[in-house]
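Here is a short tour of a single chain, written to be read with the structure open beside you. We start at one loop and then step back to the chain as a whole.

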Amino acid sequence: MLKRERHELPEHIAARLELGGLRAAYDGRPDYQRNDYLGWICRAKRAETREKRVAQMLDELARGGVYMKMQWNGGRG
């Protein structure tokens with residue numbers, strides 16, 4: 001259970017996940033990762049920065065094994 005502020009998935013990001021076929025990859029990530037991605041994106045002040053962060057999240061979901069530019073083993077081992 002998350003103890004930090006919870007961020008809801010905005011519709012425009014949900015649409016990007018669906019469009020890219022990445023909704024299952026997003027849903028398969030742990031709660032803390034989904035929440036961290038959304039908080040990180042929403043904290044950006046400039047639209048360009050928010051877009052860059054969304055693009056990074058989508059790229060990491062597509063590649064798998066990466067979370068916030070760090071190697072992630074999917075919770076195994």
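Between strand β1 (66–67) and strand β2 (70–71) runs a loop that contains Met68. Lys69 has its place in that loop between β1 and β2 too. Keep in mind as you look that this is a predicted model.

What is the sign of phi at Met68? It is positive, near 55°, in a residue other than glycine. Lys69, again not a glycine, has a positive phi near 65°. For background, most residues other than glycine have a negative phi. The table puts the two loop residues side by side.

| Residue | Phi | Relative accessibility | Class |
|---|---|---|---|
| Met68 | near 55° | 22% | partly exposed |
| Lys69 | near 65° | 68% | exposed |

The cut-offs explain the last column: exposed means over 50% relative accessible area and buried means under 20%, with partly exposed in between. Met68 therefore counts as partly exposed at 22%, and Lys69 counts as exposed at 68%.

Now for the rest of the chain. It has 4 helices and 2 strands, and along the sequence these follow the pattern α-α-α-α-β-β. The radius of gyration is 12 Å, close to the 11 Å that the globule rule gives for 77 residues, so the chain is as compact as a globular protein of that length. Along its principal axes, the C-alpha trace spans about 40 × 30 × 20 Å. Among contacts with a separation of 6 or more, 62% join residues 24 or more positions apart.

What about the inside? Buried residues make up 34% of the 77 residues. The largest nonpolar core has 14 residues, and those with the most contacts inside it are Ile13, Leu17, Tyr26, Ile41, Met57, Leu58 and Leu61. Helices α1 (11–19), α3 and α4 (47–63) each supply at least two residues of this core. In soluble globular proteins, nonpolar side chains tend to be buried together. Leu61 is a good place to zoom in: leaving aside neighbours within four places in sequence, it is in contact with Leu17, Leu22, Ala25, Tyr26 and Arg29.

Is Gln33, a residue of helix α3 (residues 31–43), buried or exposed? Gln33 counts as buried, because its relative accessibility is 0%. Beyond its neighbours within four places in sequence, Gln33 is in contact with Tyr67 and Trp72.

Finally, the surface. The chain exposes about 5400 Å², of which carbon and sulfur atoms supply 51%. It carries 16 positive and 11 negative charges, whose mean positions are 6 Å apart.

Notes
Residues are numbered from 1 along each chain as its sequence is written. This is a predicted model: local features need pLDDT of at least 70, side-chain atom pairs count only at pLDDT 80 or more; totals for chains, interfaces and linings use all residues. Side-chain values use heavy atoms; hydrogens and water are left out. The radius of gyration is taken over C-alpha atoms; the globule rule is 2.2 Å times the number of residues to the power 0.38. Buried means under 20% relative accessible area, exposed over 50%, partly exposed in between (1.4 Å probe, protein chains only). Contact means heavy atoms within 4.5 Å. Accessible areas come from the Shrake-Rupley method with a 1.4 Å probe; for residues, only the protein chains shown count as cover. Lys and Arg count as positive and Asp and Glu as negative; His and the chain ends are not counted. The place of a charge is taken as NZ of Lys, CZ of Arg, CG of Asp or CD of Glu. A nonpolar core is a set of buried Ala, Val, Leu, Ile, Met, Phe, Trp, Tyr and Cys residues joined through side-chain atoms within 4.5 Å.
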